[in-house]
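Thanks for sharing this one. Here are my notes, as numbered points that you can follow with the model open beside you.

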Amino acid sequence: MNALESFTFVRHIDGLRHGFGRDGERNGRPAYRRTDGDVWCVWSEPDGWHCEIADGLVTAHPVDGRADGPEPPATVWLSSKNDRSYLYDLRTPPGPSRA
């Protein structure tokens, strides 16, 4: 299977979009970096698919539980940092977007 090249998180409350693009691998799976900052969507043994910031703090994960598939699941994610929490949809681009 070819890896997903990019995806977008779309915030439920206001439609704000954060794009992610493929940027190497981590822990044997594709790694994705946010196009406008140092936020990563990666897989790890203890956390499954999740988003983290530079210091390794996990800031988002799929709402419906741990995700261990070959790529981040296109589902609802909960993002939390400090006293803020938001729901996002992970959306993949229409048509082929795989390497």
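1. Asp68 is partly exposed, with a relative accessible area of 38%. Keep in mind throughout that this is a predicted model. Asp68 sits in the loop between S6 and S7. Why does Asp68 count as partly exposed? Because buried means under 20% relative accessible area and exposed means over 50%, the 38% of Asp68 falls in the partly exposed class.

2. The side chain of Asp68 has two partners worth a look. With Arg66, Asp68 forms a salt bridge, in which the closest N and O atoms are 2.8 Å apart; the pair is also listed as a polar contact of 2.8 Å between the two side chains. Arg66 is itself partly exposed, at a relative accessible area of 42%. The other partner is Trp43, whose side chain makes a polar contact of 2.9 Å with the side chain of Asp68.

3. Which residues does Asp68 touch once those up to four places away in sequence are set aside? They are Arg29, Trp43, Gly48 and Trp49. You may also like to check the backbone spacing to Glu45: the C-alpha atoms of Asp68 and Glu45 are separated by 8.6 Å, with their positions 23 residues apart along the chain.

4. Arg29 deserves a point of its own. Arg29 lies in strand S3, which covers residues 29–34. What is the nearest side chain of opposite charge to the buried Arg29, and how far away is it? It is Asp68, 5.0 Å away, and Arg29 has no salt bridge. Since a salt bridge needs a side-chain nitrogen of Lys or Arg within 4 Å of a carboxyl oxygen of Asp or Glu, the 5.0 Å to Asp68 does not qualify.

5. Arg29 does have a polar partner in Asp68, by way of the backbone. A polar atom of the Arg29 side chain lies 2.7 Å from the backbone oxygen of Asp68. Leaving aside neighbours within four places in sequence, Arg29 is in contact with Gly24, Trp43, Trp49, Asp68, Gly69 and Pro70. So when you inspect Arg29, please display the backbone of Asp68 along with its side chain, because a polar contact is a pair of N or O atoms within 3.5 Å and the 2.7 Å approach involves the backbone oxygen.

6. Pro30 is also found in strand S3. Buried or exposed? Pro30 counts as buried, at 9% relative accessibility. Not counting residues up to four places away in sequence, Pro30 touches Ala3, Arg22, Gly24, Glu25, Cys41, Trp49 and Pro70. One of these, Cys41, is 11 residues from Pro30 along the chain, and their C-alpha atoms are separated by 9.0 Å.

7. On charge pairing more widely, a search of the whole structure finds 7 salt bridges. Among them, Asp36 and Arg34 meet through their side chains at 2.5 Å, N to O, and Asp36 is exposed, with a relative accessible area of 52%. Another joins the side chains of Arg91 and Asp89 at 3.6 Å, N to O; Arg91 is partly exposed, at 38%.

8. Two asparagines have backbone angles to look at. Asn27, in the loop between strand S2 (17–26) and S3, has a phi near 55°, a positive value in a residue other than glycine. Asn82, in the loop between strand S7 (76–81) and strand S8 (84–91), likewise has a positive phi of about 55°. Asn27 is partly exposed, with a relative accessible area of 48%, whereas Asn82 counts as exposed at 73%.

9. Last, the largest pocket, which holds about 380 Å³ of space. Its lining has 19 residues, and those nearest the centre are His18, Arg34, Thr59, Ser79 and Tyr88. Strand S1 (6–11), S2, strand S5 (48–53), strand S6 (58–62), S7 and S8 each give two or more residues to this lining. Which element gives the largest share of the lining? It is S7, with 5 residues.

Technical notes. Residues numbered from 1 in each chain as written. Predicted model: local features only at pLDDT ≥ 70, side-chain atom pairs only at ≥ 80, totals over all residues. Heavy atoms only, no water. Helix = DSSP H or I, 4+ residues; strand = E, 2+ residues; numbered from the N terminus. Buried < 20%, exposed > 50% of the residue type's maximum accessible area, 1.4 Å probe, protein only. Lys, Arg positive; Asp, Glu negative; His and termini not counted. Polar contact = N/O pair within 3.5 Å; in protein donor to acceptor, adjacent residues only side chain to side chain. Contact = heavy atoms within 4.5 Å. 1 Å grid on protein atoms, 1.4 Å probe; cavity = no way out; pocket = protein on both sides within 12 Å on 5 of 7 lines; lining within 4 Å. Points joined across faces, edges and corners; volume = space filled by probe spheres on them.
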